[in-house]
Amino acid sequence: MNKDKGTFHIDGRIQEILQEQMMPDPEEMGTPPGGKSGEPTVEDIRFDITPEELIDYLSDYIVGQDKAMEIVATKICTHFHRMRLERENPELPRIVGNVKSNMLLIGPTGVGKTYLIRLIASKLRVPFVKGDATKFSETGYVGGDVEDLVRELVYQVDGNIKLAEYGIIYIDEIDKIASSGNWNGPDVSRSGVQRNLLKLMEETEVDMKVPHDLASQMEAVIETQRTGKAARKKVNTRNILFVMSGAFQGLPDIISRRLKRGGMGFTGVAITSVEDVENLLEKQHTQDLMDYGFESEFIGRIPVVTHLRTLDEDGLFRILKSPNSAVIQGKRRDFAAYGVDLTFDDDTLRLIAKEAHKIATGARGLVSVVEKYLLPFERSLPSTNVKKLHVTLDLLENPDAFLKELIRKHAFESFTDRFFKTTGIKLEFSTGAVKAAIDLAAERGVTLRNFLDDALKDYEYGLKLVGKSKFIITRSVLSDPKAYLDKLVKQSYKGKAEK
Ligand SMILES: Nc1ncnc2c1ncn2[C@@H]1O[C@H](COP(=O)(O)OP(=O)(O)OP(=O)(O)O)[C@@H](O)[C@H]1O
Ligand SMILES: [Mg+2]
């Protein structure tokens with residue numbers, strides 16, 4: 001490790017935190033780990049994983065989405081087993097009109113839609129890219145082109161097209177490309193984007209060279225000159241899995257209306273609670289998505305539709321408690337980076353879950369609540385030498401006051417500790433002295449620690465001289481430390497002389 005002055009020493013406890021099992025960073029995940037050579041290859045893909053194995057793995061990370069997790073994990077496993085079968089038996093005839101297991105995940109923000117698919121991609125060691133349906137336009141000139149997602153998969157694995165052809169493409173906010181029925185304005189372009197996606201979802205060849213991108217054209221020329229042959233620059237999308245997601249606001253109403261029309265005793269209810277929404281989504285049907293504004297061909301290419309549930313308070317609490325939770329473990333790591341061991345009382349996690357539930361942004365709310373409380377500490381502790389922070393209800397009640405008190409207490413404690421180490425003398429501060437020290441430090445505009453160091457600089461030597469093993473710092477010591485020590489030394493000599 002770098003021993004330069006200024007780099008702090010990572011002690012054993014902090015080392016432990018850094019090694020605690022933690023999920024791969026959600027924003028970083030997706031690039032498959034490399035084989036022995038470092039570069040990932042098709043041979044690294046886990047084509048053979050079973051649904052049970054995958055579900056087992058996911059349950060260590062995902063809270064409260066059992067049903068969606070089972071469906072998604074099973075269908076993705078089958079997709080990869082099927083590809084394995086076809087790879088191993090190239091003589092198998094192709095099934096005409098085959099539809100692969102593209103999926104649609106419906107659910108509100110922060111409930112684990114992206115997380116679920118990222119985890120699966122990283123477990124299977126296949127490349128993953130995430131795009132946003134609102135970024136695409138029909139022509140691909142304004143904003144992005146849906147084909148960019150396929151090219152992005154290739155870049156992810158450093159140009160390994162074969163590997164990219166087994167990747168997963170995740171497209172968020174797919175509900176935003178539903179047309180609302182009035183055939184003018186943005187709707188035309190929305191259904192245009194749907195049609196462009198259709199081709200990709202089925203099978204098409206995507207050219208790595210972007211027609212209007214000079215750089216990629218140049219690159220191709222250079223590559224051809226270097227290798228003497230034109231590199232293969234087309235990506236086939238036949239095996240690429242597409243996962244779409246969106247919140248689909250208004251879909252429950254559509255379902256409710258259909259059920260009402262269908263009779264069967266369903267009279268339609270006002271949708272007032274999260275349960276109402278979920279019960280309705282449970283009954284979702286292909287027709288509802290078409291009514292929502294998707295073309296039937298588009299829906300036809302997405303055979304797997306499932307919804308993820310809103311997380312309740314307890315679910316949020318369990319996410320915080322999970323040893324794999326990025327929220328808490330991530331924060332612990334942030335603090336560990338400054339050499340601070342961060343821990344939480346269970347009570348505080350419950351309160352954080354409760355507050356996050358009110359924000360109604362799923363697990364995303366947890367991050368903002370935790371940030372709100374810990375930011376003052378993250379800001380100030382790195383310039384103190386506080387090495388431990390235990391989060392209690394007191395802290396949550398008034399973070400600023402708690403922080404002040406912590407820094408205060410720590411300044412006194414670390415001062416007396418160091419004093420004891422160098423002199424063997426046990427120091428104590430009277431309540432009056434604590435107050436006086438704080439006031440005097442503030443008056444002089446110095447930190448408490450600097451004030452104590454300066455005021456008591458002669459006491460290490462002086463107290464040793466008078467032969468004390470214990471000494472109480474009082475208010476009068478601090479009001480004129482030098483005079484007090486002089487008096488002490490004189491008295492001590494007088495005492496000795498009289499003996
Ligand atoms: N069910 C869950 N179990 C455990 N952690 C979760 C769960 N849901 C969300 N998280 C945490 O919250 C983060 C954000 O979740 P995610 O990106 O999956 O949200 P989302 O459902 O895709 O929502 P959005 O529509 O806002 O993208 C995840 O990286 C994960 O750390
Ligand atoms: Mg997401």
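Strands S1 (residues 103–106) and S6 (residues 241–246) run parallel and are joined by four bridges. Within that pairing, Met 103 of S1 has Val 243 as its bridge partner in S6. Keep in mind that this is a predicted model. The protein has 23 helices and eleven strands, and 34% of its 499 residues are buried.

**The five-stranded sheet**

- S1 and S6 belong to an open sheet of five strands, paired in parallel and ordered S2-S3-S6-S1-S7.
- Strand S2 (128–132) and strand S7 (304–307) sit at the edges; each has a single partner strand, so one side of each has no neighbour in the sheet.
- From one strand to the next, the twist averages 20 degrees.
- As background, strands of a sheet pair through backbone hydrogen bonds, either parallel or antiparallel.

**Helices packed around the sheet**

- Helix H5 (residues 146–156) lies across S2 and strand S3 (168–172), and runs at about 145 degrees to S2.
- Helix H9 (residues 251–261) has Leu 251, Ile 254, Ile 255 and Ser 256 buried.
- Those buried H9 residues pack against S1, and also against helix H10 (274–282) and helix H11 (286–292).

**Around ligand 1**

- Which residues come nearest to ligand 1? Of the 19 residues around the ligand, they are Thr 109, Gly 112, Thr 114, Tyr 115 and Ala 363.
- Two elements, helix H4 (113–124) and helix H16 (363–380), give two or more residues to this shell.
- H4 gives the most, with three residues.
- Sorted by class, the shell has eight nonpolar, eight polar and three charged residues.
- Both domain 1 (40–307) and domain 2 (313–404) take part, with at least three shell residues drawn from each.

**Two residues with positive phi**

- Most residues other than glycine have a negative phi, which makes the next two worth a look.
- Arg 125 is not a glycine, yet has a positive phi of about 60 degrees. Arg 125 is found in the loop between H4 and S2.
- Is Arg 125 buried or exposed? Arg 125 is buried, because 22 other C-beta atoms lie within 10 Å and the cut-off for buried is 20 or more.
- Asp 158 also has a positive phi, near 50 degrees, in a residue other than glycine. Its place is in the loop between H5 and helix H6 (161–164).
- Asp 158 counts as exposed, because there are 12 other C-beta atoms within 10 Å and exposed means 12 or fewer.

**Strands S10 and S11**

- Strand S10 (residues 426–429) is joined to strand S11 (residues 470–473) by four bridges, and the two run parallel.
- Side chains alternate along S10: Leu 427 and Phe 429 point to one face and are buried, while Lys 426 and Glu 428 point to the other and are not.
- That fits the general picture, in which side chains of a regular strand alternate between the two faces of the sheet.
- Across the pairing, Leu 427 stands opposite Phe 471 in S11.

**Contacts along the chain**

- Take the contacts between residues at least 6 apart in sequence: 76% of them join residues at least 24 apart.

Definitions and conventions
Residues numbered from 1 in each chain as written. Chains lettered and ligands numbered in written order. Predicted model: local features only at pLDDT ≥ 70, side-chain atom pairs only at ≥ 80, totals over all residues. Near = placed C-beta within 6 Å. Nonpolar A, V, L, I, M, F, W, Y, C, P; charged D, E, K, R; others polar. Domains from an automatic or database assignment. Pairing = 2+ DSSP bridges. Axes fitted to C-alpha atoms, helices over the stretch in contact; angles between N-to-C directions. Contact = placed C-beta atoms within 7 Å.
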